[in-house]
Every structure is written in C-alpha cells, then in structure tokens.
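Work through the exercises below on charged side-chain pairs. Each task is followed by a stepwise solution.

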Amino acid sequence: MTDRFICIHGHFYQPPRESPWLEAIEIQDSAFPYHDWNERISAECYAANAVSRIWDTEGRIVQLVNNYASISFNFGPTVLLWMQKYDTDVYDAILEADRLSMEKFSGHGSALAQGYNHMILPLSNSRDRMTQIIWGIKDFEYRFGRKPEGLWLPEAAVDLESLDIMAQHDIGFAILSPGQARQVRSIDGEEWQDVSGGRVDPGMAYRVSLPSGRVMALFFYDGPISQALAFEGLLNNGEAFANRLLSAFPDDQSSPRLVHIATDGETYGHHHRGGDMALAHALQYVESNELAQLTNYGWYLEDHPPTHEVEIFENSSWSCVHGIERWRSDCGCNSGGNPGWNQGWRAPLRAALDWLRDAVNPAYEKLAGRLLTDPWAARDDYIDIIVDRSPERISAFLSRHAIRPLSYEDEITVLKLMELQRHAMLMYTSCGWFFDELSGIETVQVIQYAGRVIQLSDQLFTEPFESGFLEHLELARSNIPEHGNGRAIYEKFVRPAMLGLTAVGAHYAISSLFQDDSERKSIYAYAADMEDYRSFQAGGTKLVIGRAKATSQVTRISTNLCFGVLHLGDHSIACGTGEYQGAQKYEAFVKEISDAFAGADFPKTILLLGKYFGASTYSLISLFADARRKVLNMIMEPTLREAEAAYSAIYKHHAPLIRFLKGAGTPLPKELSVAADLYLNAKLRRVLQGEGLDPEVVRPLLEEARLAGATLDAAALGLLLASNIERLAEELLGQPDDISLMERLNKAADLVRVLPFEVNLWKTQNICYNILHTCCPDFKEKADSGDENAREWIHSSTVLAENFRIRMPSRLL
C-alpha cells in the first residue's frame, strides 16, 4: 500500500459576476430558485462537498464528511471573496478542511493558491502576471493563514516566465495536463525522450529548469481518467470511480507511484448531480480497504522528489488543443452549441483591452508617481485592501506607500488609481473569451470592467480614453445581428450600468418610500446617511424631500445630495437628485415643490423636479435590481390578491364542471384551467408555509388538484416547504430536548412522502444528523437509568432518523 498513492485535485472556480459599480451580484433569474449562479453552484457543489454523505446499503446516511480535507483543491480568490460574505458556513468549512488536511498529510495543507482573477498569464504583460501571482499568494495567506506550496495556473496556461515568477515567490509546484509535456529525461542526464501527445508518465513529479536558474516541480495529471470523470459518467458510481483510479497502478509496480487526476471542482455536484457523494464514497472505499494511500501534492513531493526533468510546451493549456488561442483567436474551440457562429471577435476584443491598458498606464504612472514611492509596488500590495477594506488597513497601506502625508482628496485619488488597476486586470478574466458570443454574459462582464476603467480614468486624468477604446472594440463583430458589434454592445449593456453617487442617491431616495431607515444605511458598496427627511401625503399620493450623504466604501469619495420623490401610486414614480448647494437653495426648493404638492398640482410638482435637477431625474426602473424586484412585489401584492380572489371565485363556482370535463377527457378551456391552477397552488402554498405541516390536510388538496387536472408549481412549492422544514429543524437544534418539536418534524417528513414533487431536505438532514450524534449518547444514558422522558426521546429520535434516512449512531443500536 505504501508505494501506491492517490491524489484527486479539484479546481473550484467561478468567474467574478459582481457589478463593477456595486461590488455585488444582482439577482439572476436564470439561477432560480437561487438568487444568482454563485449561490446556486455553491449549494450544488461547494456546500455539498463540505458536508457530503457516506451511505449504507439501505440508503441511510452513515457519516457526513468534508471532502476537501482528503483531496487537493484550489478555490478562485474572487469566489472566496464572495463566499466569505454570502456563504460563511461553506467558507469556514473550506478553511477548516485545509487545517484538517495538514493533520492528515504530515503538515502539508491540501489547498493551493491560484492566479488571482483567472487571467491567462502567458497572454498578459510581465507586470500583470507578477501582480496576478502576488495577489493570488497574498489572498491565500490572508485566508488560510499559511504560505501556499503550489499554485494553480488559470486554465493550466503556462510559460516559463510565469513559472519563474512563481518560483521567485517560493511556489514549489504546479499541475499541468499531460499534453503540455514535450520531453523528459532522468536528472542523471540521459538523452531526452519525446513525450508529446500526452505520453508523459503521470506517476511521478518532474523538475523543470527556469530561465533565472531556479527550478520547480511539475505534476502532469492522468488525462484519460480525468476525461472520464468529467465527460464519461465515471461519477455515476463511487466504487467504480475508485476502481478506475486503482486500475492505473501497474501490476508489476516496483517503485512508488502516484495516480492523480485534475478536473473542474464543479464536476463534483454541479455538472454531475451527486458527484460529491461519488467522490466521498471513492475516497472512503480506497482508504477503508487500504487499497492505496491518499495524499496531496506537497506531502508526496516531500517524500518523493523528482528523479526526472521535463521541458514543456510553452503557451499551452488544458482546455484548448491549439495552445492558448481560445483566448485570442477564432481557433475553432467553442461550446459546440452554436454551429455557424464564429469567434472572430476574440482577437479585436483582446486588442481593444490591450489598447486601453497600455493607454492608461502612462497616465497612471505619472499621477501615482506624485503620491506614491513606487506605483507598481503599491498595486502589488493593494490586495491587502481588497481582502479587508477596513479603515485601519487602508491607513496602513497609505502609510507604507505614500511619499508624504496625504490630504483627504489625495487619499481618494490613490484609492481610485488602485481601483483602476484592479479593474484593468479583472477585464482580462479568461471566461470573457471562453464561450461563443461577444454579447454573452461573461464577455459583457469583462467589457463592463473596461467601462469602470474608463469611468475612473475620466475622473483622474485629463486625457479621454473612451473614444479610442470604442474604435478598437467596434472591430469585434457579434454573431447576433441585433447586437452588431462591440461598440453597440458597450452602449447597450455597459453604459447604462455605469453608476455614480447621484444614481446611488436616487436609489436611496426612491427606496425610502418603501422601507425604513435601518435598511438603507448600506447600499452594496456604498453607504448613505440621512441628514434631512420630510414626507407629505395627499390621499394615495406621496412626496418625500430630503438630504443625504452618499459615500463609496471602496474609494471613500462622498457627496452631499438633496432629492425629491413623487409617488403617484403603483409604479408611477418621479425622482430628482442633485448635489446639495446650501441651506438657502435647499429650503427654497422644499417650499416651492411642497407648495405645488399641497395644492394637488402634481404635473407642476413633476415639472419642478425637472427644474431643480435637470437631467438627473429617475424612476422606479432606476432602483438596483434586487430592490426594484422587492418594491414591485410590494406594489403588485394588492393586484395579485385581487386576481387570486377573482380566480378563486371562478374555480369554486365551477369546480364540479372542471372535474367533470377532466373525467370525461375533455380539454379544459384555458379560463378554467388557469383558475384551477391559481386557486389550488395558492391554497397549497398557504398550507406548506404554515405551522401544521399535516399530511392529512394536504392529501385532500392533492386529490382535488388531480381531479381538476391542475398543474402544481413544483419548484416553488418544494422550495417553500423545504424552507419551512429547515426552520423547524433549526428550532429543534436550539431545543433538542423538546419532543413536541421533534414530533412536528416527523410529521413534516410524513408530509414530504405524500407529495408528487421533490423537496430538498439536504440542510434538514445535516441538522438532524448533528442532533442525533450530539444528543443521543446523553439521552441513551438517561433512558438506561429509567428516565421515561429520555426513553420517549430515544423513540422519537429513532423515528426521526428513519424519516430523514440517517442511520442511528452504532452505540445506540
């Protein structure tokens, strides 16, 4: 066993999806029932691997395991930045897994660093690739509390310069695909052997010599097994997965050998549902049967240093057979889903971004050089602020790099310069070129980053850059006629997304009509503080006037704004926002507009908003997407109640006819089928959100829906019930001795079994598993001592375990 080693690497990464202006992901309806794709992929994959299941032969959970602790992995820093804020339990589990792996693998943590925002390093200039590697390393150190041993190259795109920079920063190894090895020989100096075409032996580490004279280790993963895992259904069965890994060991093995694979981490759960459990079972099968030693790259390298050296194909990658052409030319690599399309837009897109970078950098150097001792060293160090934008860290950063004590205005200038450089690198995120179409969301995202660079440049420098950029971008042609070219896409998707503090003030003002002050202090990457607020009402019409201070929490720039908002009812809203120009003008504005409103002269009120604020007028559509959705739901609520009541009346009056038509096999008229769907779904929603969760209440409703031929909204109903059951399980976790709560949870499980749709009980199972394994021993001891309540608890917990497919702890069986 000690000569057989297995290492599984997962590259966990999602492109940054945050608005460059809000620093947050707005709602993405395509990710339903989740808020956005990060949240969805985290639930399906990242969380699933943090709390994966080992099942017994009867389909019950035997153990919950953290897969990350037993594999090698890297997470994209931008994903971890999102996760730290929005999915903290998973984030903490990933950090804990690295600590556990250090215990498991002789002091070597399994987490690797990654080039910061997944830029294709061989296509970047030397300065950018240096910063990308430094940021990736420093971000790792901030999160994992140690230095990384290895670093994942985005898309495994490699050249010697990138490896040399990594080695310069004490990175000991990287992982490449077998097709990236050109020739190998023993370190003793025998002749080179050609291993092109993926013929390199993946069972060992190799040494690569670098231009500076440094060396580092390279691992070339097993290509066929990695391919089978990602594309050939190998994750359908954990034991089959394990046996495929084991089959890579030769029968006549006489020396230590490493079998290792690398794939996108999202393979385990997002691309392949249940893939996390196949991984967990494979790891458990290998380890419990002592068929091989699980390892990670750092531990294996310590005990088995390279005996061979390798030369690589530079400018190669793991996901483009043409090297790195997928990110700069129409090489033929694409998703395959759009025959007839071309990717001729890739080259002009990159050329436009290169032009913008090279055009703004001299202006950056000139202005930053007046304030900072070394503008590029400051950029390398700016990652310290990105990971934690606290005032203390910003002050420390400025103290380290400023030529002299800076004024408030100079501090803002420095932060804007740093943000310009951050976005000038984010605009090279690889996913912008990976897919098929210039107007795709990933490509629009990188163009939006370029838009933020242009906006900051306009604020910092006298020279304009937008027109030159658009001249280059116009050469990129969309496959979709209505989108035209890059310039049209910029005007359609980028310019409208650009925000300033005035737009933030408008959002703040409009949202004040619908929510209390406590909800409005923080607006994504901004803060707003109310300084004056006056409200006027005339029947169903409302006017609010006020002053507020809006501040960017990124660049710390702020401005004092005044605003007026007229709400005529429903979605009819007119808003004006502008800079505060002193008490005298403000009070004159307040008097004139409030007088017009008091006289119910609403057209004049709207005209006065235009008079005082000019073009800076806004409507409900100006709210940021999540708030707009929330407000529209509030506005629609009375309308939807009215519609539901009307359709309910129709259904109740005609229910016998609807059932007769269904029974007779006669298609229902749409008017009646819609009434049945709306009424019965609404009734089920109310029951599934309620306290009772009684199957005897739901059964008649399901039968009624069957007889009426109603279509149930399975996704929405399942989500409501899952949330309700999770809430009940959380209550039980807080009061585990409350038998009545446990009985209610058991009844909810009975309800799930009668439903004709799936209910996701993953979180509830985790909670119940923790309750059973934490509390059962104490209650068992009390029950054995004659405590009747404890005996009742043990009985109810046994039912709970059965209901949620959890095997009771063996010591209680």
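**Exercise 1.** Classify Arg-400 as buried, partly exposed or exposed, then find the salt-bridge partner of Arg-400.

*Solution.* Step 1: Arg-400 has 42% relative accessibility, so Arg-400 is partly exposed. The model is a predicted one. Step 2: Arg-400 pairs with Asp-381 in a salt bridge, 2.8 Å from N to O. Step 3: place both residues. Asp-381 sits in helix α11 (residues 375-381) and Arg-400 in helix α13 (residues 391-401), so the salt bridge ties together parts 19 residues apart in sequence. Step 4: Asp-381 has a relative accessible area of 8%. Buried means under 20%. Asp-381 is therefore buried.

**Exercise 2.** Take the salt bridge between Asp-358 and Arg-357. Is each residue buried or partly exposed?

*Solution.* Step 1: the closest N and O atoms of the pair are 2.9 Å apart. Step 2: Arg-357 has 9% relative accessibility and counts as buried. Step 3: Asp-358, at 42%, counts as partly exposed.

**Exercise 3.** Test whether the pair Arg-393 and Asp-388 meets the salt-bridge cut-off.

*Solution.* Step 1: the closest N and O atoms are 3.9 Å apart. Step 2: the cut-off is within 4 Å. Step 3: the pair therefore counts as a salt bridge. Step 4: check exposure. Arg-393 has a relative accessible area of 25% and is partly exposed. Asp-388 is at 26% and is also partly exposed.

**Exercise 4.** How many salt bridges does a search of the whole structure find, and which residues are linked in a network with Glu-23?

*Solution.* Step 1: the search finds 50 salt bridges. Step 2: Glu-23 is linked in a network of salt bridges with Arg-389, Glu-419 and Arg-422.

Terms used: Residues are numbered from 1 along each chain as its sequence is written. This is a predicted model: local features need pLDDT of at least 70, side-chain atom pairs count only at pLDDT 80 or more; totals for chains, interfaces and linings use all residues. Side-chain values use heavy atoms; hydrogens and water are left out. A salt bridge is a side-chain nitrogen of Lys or Arg within 4 Å of a carboxyl oxygen of Asp or Glu. Buried means under 20% relative accessible area, exposed over 50%, partly exposed in between (1.4 Å probe, protein chains only). Helices (H or I, at least four residues) and strands (E, at least two) are DSSP runs, numbered from the N terminus.
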